[in-house]
Amino acid sequence: MTKTITLAHGNGGEENNELITKIFYKHFKNDILEKSEDSALIEDGKLVMSTDSFTVSPLFFNGGDIGKLAVCGTCNDLAMMGAKPKYLTCSVIIEEGFSTRELEKIVRSMKKELEVNGAVVVSGDTKVVPKGAVDKLFINTTGIGEVQQSGISASALKEGMSILVSRDIGSHGATIFSAREGIKLESSLETDCASLYPQIQALIDAEIDIIALRDATRGGVSAVLNEWAKASNVCVEVEEEAIPVQEEVRGICEMLGFEALDLANEGTYLLAVAKEDEVRALEVLQHTHKSSAVIATVSREYEGRVILKSSWGTKRFLDLPTGELLPRIC
Amino acid sequence: MRALELKNLYDDFRDGDTIKAYAKIIAQDAKKLKNPINIMEVCGGHTHTIMKFGLPQLLPNNINFIHGPGCPVCIMPKERIDHAYVLAMQEDVILVTLGDMIKVPGSNGSLQDARAKGADVRFVYSPMECLKIASENPTKTVVFFAIGFETTTPMTAVLVDQVIKQKVPNILFHINHVTVPEVMVELIDSRDEHVDAYNNRIDAFLGPSHVSVIAGSKIYEKFPKDYGRPVVVTGFEPVDMMQGISMIVKQFVEERSELEIQYKRVVNYKGNLTAQALIEKYFEKISLFRWRGLGNVPDSGLKLRDEFSEYNAEIVYKDILPIAEIEDHKLCICGDILRGMAKPQECTIFGTACKPTSPIGSCMVSSEGACSAYYKYGNLI
């Protein structure tokens with residue numbers, strides 16, 4: 001561990017993992033925490049619980065704001081365990097001088113998103129701090145959900161299984177980046193920020209046996225695939241051409257030197273199913289997003305690693321993103 | 001006429017069938033080669049493409065790449081990073097630089113570490129943003145830590161031009177611009193006895209092409225003529241690179257040694273004369289620039305001309321900037337890698353003590369460095 005915390009420790013990638021394991025897991029160590037899933041299974045697996053803090057800058061962006069993000073983020077973590085979001089808490093830390101109107105706008109968009117999930121805020125806290133102590137507004141939400149389908153786990157992937165992505169990737173990261181100061185980009189890109197529970201409910205209703213499920217937030221699709229490959233000790237073989245990426249996202253990546261696979265998403269998830277469920281699962285996904293696709297298969301070629309295959313027959317490893325990619329994206 | 005879209009600039013140049021077709025042509029021509037050929041791609045952007053798109057997997061065994069020193073972040077010696085660190089830690093200074101530079105560790109840490117300790121360090125995409133930062137922070141001094149080859153030098157020159165014309169009182173420059181042809185000469189015509197034994201390893205060059213957008217292809221003329229090393233100025237997409245490689249192989253088959261341009265859509269012989277004039281106006285050569293991993297290379301660096309010394313942070317802050325040269329880690333073999341004498345995986349600390357998150361040697365610090373590209377994209381497959 002380095003002596004001081006740098007922004008790289010918050011990137012959702014390698015440094016972030018190091019921070020969590022070497023400091024937090026070391027002291028908080030317990031069986032539930034160590035499973036390291038999107039949210040924690042509690043009460044004999046009937047309930048799940050998750051927490052997330054939101055520090056995005058700017059607070060308002062194309063297709064969403066910090067409020068929508070704060071509800072989606074936590075509810076999606078619950079949904080990724082096959083659970084229906086039920087109860088949320090909401091803590092806000094506000095910088096003095098912040099506009100009341102903007103605050104209400106944010107809270108209104110939280111309410112709207114809670115309705116999509118069928119969840120309610122049952123407890124909350126507010127703190128106001130002197131100018132400069134936070135950047136305008138930080139929000140923390142914690143949520144509890146009721147498990148609808150159990151057994152979903154990052155460590156359950158087996159040879160021959162298929163991995164699908166629920167829509168085109170990277171639009172949240174690309175939107176935030178193009179909205180940031182210092183980059184003069186005009187773009188009609190919108191964040192993918194969305195509550196995912198309705199889509200997961202549709203998969204459960206269609207009786208798809210969900211093996212693994214994870215939303216590709218910080219660290220993007222790269223981080224999820226690497227986590228799965230490691231947790232299940234399998235090789236994930238990705239067909240590069242099959243990955244859906246919008247032209248504008250690709251353009252921004254080309255210009256700024258990023259990979260869409262590393263960019264954050266706020267309403268895009270990966271789904272692992274048995275080969276025989278692949279077609280039916282894709283049908284359900286395409287109901288919401290035409291761009292959803294089968295992007296990878298599970299093999300044993302390089303255990304614990306993700307490989308990316310090109311259309312001209314070359315292969316390379318796809319690693320966890322390292323370093324500071326986008327400061328404070330969510 | 002249909003408007004040109006961004007995707008036109010890369011889509012066709014990543015076409016799988018075209019790439020495979022070039023692989024076939026290269027394989028056929030390579031059978032006619034008498035000896036294996038080692039091609040140095042000087043530019044870090046090329047190294048990145050080679051590894052990202054897996055090009056070595058498409059080439060016959062008698063064609064090898066030597067990964068050159070063309071990553072401006074990687075070649076920055078530690079003492080100059082220490083300059084940036086010391087400047088950043090001054091209370092009244094905002095240190096501004098380009099992207100990857102903030103990750104490179106000096107002897108006290110990186111600019112990222114300085115920032116975590118409270119220093120005001122910012123990275124920009126365009127140096128012109130310094131003007132805005134300076135006007136918003138009139139009580140601070142903005143130091144632009146300028147890095148890069150011929151490609152980025154004009155952007156710094158424009159900023160210098162604007163600072164002087166607009167009489168901006170609070171922007172200074174720390175110039176670390178370096179030039180490509182001089183280091184290419186150094187690599188094939190090294191004075192170092194140890195290296196001299198290996199100096200024939202580079203048979204041809206893929207010429208850095210964005211450098212040539214500014215400086216023209218003319219800067220490489222002497223290599224085929226005086227040194228017998230063919231040069232093909234090549235673009236950065238995989239189809240560009242496969243075509244460039246095939247042009248080099250053809251030269252060997254036909255026993256030619258010429259300067260050719262593959263990247264004709266943006267490169268010409270003369271280059272951008274306006275940019276060249278602006279560079280000439282504000283900058284002059286320094287007799288020696290120390291490259292990390294390679295040591296002193298004559299005439300390879302630039303500095304602000306003496307008449308603009310009042311804008312030179314190295315002069316304004318000379319009392320606080322460290323002057324001692326700092327050697328690289330003993331186990332690091334970046335110098336050998338940059339000279340084409342070794343591959344990253346031959347280094348004992350590659351991937352163990354030296355990783356992108358904790359780089360020890362220059363080639364690991366930026367995504368364009370050879371070691372970093374090998375680590376990220378996997379040399380195993």
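**Figure 1. Where chain A meets chain B.** In this predicted model, 23 residues of chain A and 25 residues of chain B take part in the contact between the two chains. On the chain A side, look for α1 (14-28), α8 (247-256) and β14 (315-317), the elements that give two or more residues to the surface touching chain B. Which of them gives the most? The answer is α8(A), with four residues. Sorting the chain A side by class, you will find six nonpolar, nine polar and eight charged residues. For the model as a whole, the scores are ipTM 0.73 and pTM 0.83.

**Figure 2. The two domains of chain A.** The domain assignment splits chain A into domain 1, covering 35-147, and domain 2, covering 162-317. Taken over C-alpha atoms, the centres of these two domains of chain A lie 23 Å apart. Each side brings residues to the contact: 21 from domain 1 of chain A and 21 from domain 2 of chain A. Within domain 1 of chain A, the elements that give two or more residues to the side touching domain 2 are α3 (66-79), β5 (83-95) and α4 (100-117). Of that side, α3(A) provides the largest share, seven residues. By class, this side of domain 1 of chain A holds ten nonpolar, seven polar and four charged residues.

**Figure 3. A pair of helices in chain A.** Here we zoom in on helix α6 (residues 197-205) and helix α9 (residues 278-288) of chain A, whose axes come within 10 Å and cross at roughly 150 degrees. How do these two helices run, parallel or antiparallel? An angle over 145 degrees counts as roughly antiparallel, so α6(A) and α9(A) are roughly antiparallel to each other. Their crossing is right-handed. From α6(A), the residues making the contact are A:Gln199, A:Ala202 and A:Leu203, while α9(A) offers A:Ala281, A:Val284, A:His287 and A:Thr288. This little meeting place has four nonpolar and three polar residues, and no charged ones.

**Figure 4. Two backbone details in chain A.** Start with the peptide bond from A:Ser57 to A:Pro58, which is cis, with omega near 0 degrees. To find A:Pro58, follow the loop between β2 (47-54) and β3 (60-61) of chain A. Next, move on to A:Lys136, a residue other than glycine with a positive phi, near 65 degrees. A:Lys136 sits in the loop that joins β6 (120-129) and β7 (137-147) of chain A.

**Figure 5. The two domains of chain B.** In chain B, the domain assignment gives domain 1 as 35-328 and domain 2 as 334-377. The centres of these domains of chain B, taken over C-alpha atoms, are separated by 18 Å. Domain 1 of chain B brings 29 residues to the contact, and domain 2 of chain B brings 20. On the domain 1 side, β1 (37-43), α2 (44-52) and β2 (63-70) of chain B each supply at least two residues. The largest share of this side, six residues, comes from α2(B). By class, the side of domain 1 of chain B that touches domain 2 has 15 nonpolar, eight polar and six charged residues.

**Figure 6. A helix pair across the domain contact of chain B.** The same α2(B) has a partner, helix α16 (residues 370-377) of chain B: their axes come within 9 Å and cross at roughly 20 degrees. An angle under 35 degrees counts as roughly parallel, so α2(B) and α16(B) are roughly parallel to each other. The crossing of α2(B) past α16(B) is right-handed. In this view, B:Thr47, B:His48, B:Met51 and B:Lys52 of α2(B) meet B:Ala370, B:Ala373, B:Tyr374 and B:Tyr377 of α16(B). Five of the residues in this contact are nonpolar, two are polar and one is charged.

**Figure 7. How confident is the prediction?** Chain A has a mean pLDDT of 91, and 95% of its residues reach 70 or more. For chain B, the average pLDDT is 90, with 94% of the residues scoring at least 70. Where in chain A does pLDDT stay under 50? This happens over residues 326-330 of chain A, for which the model has 21 contacts beyond four places in sequence.

Notes
Residues numbered from 1 in each chain as written. Chains lettered and ligands numbered in written order. Predicted model: local features only at pLDDT ≥ 70, side-chain atom pairs only at ≥ 80, totals over all residues. pLDDT = per-residue confidence, 0-100. Contact = placed C-beta atoms within 7 Å. Domains from an automatic or database assignment. Nonpolar A, V, L, I, M, F, W, Y, C, P; charged D, E, K, R; others polar. Axes fitted to C-alpha atoms, helices over the stretch in contact; angles between N-to-C directions. Parallel < 35°, antiparallel > 145°, perpendicular 65-115°, else oblique. Left-handed = near helix turned anticlockwise from the far one by under 90°.
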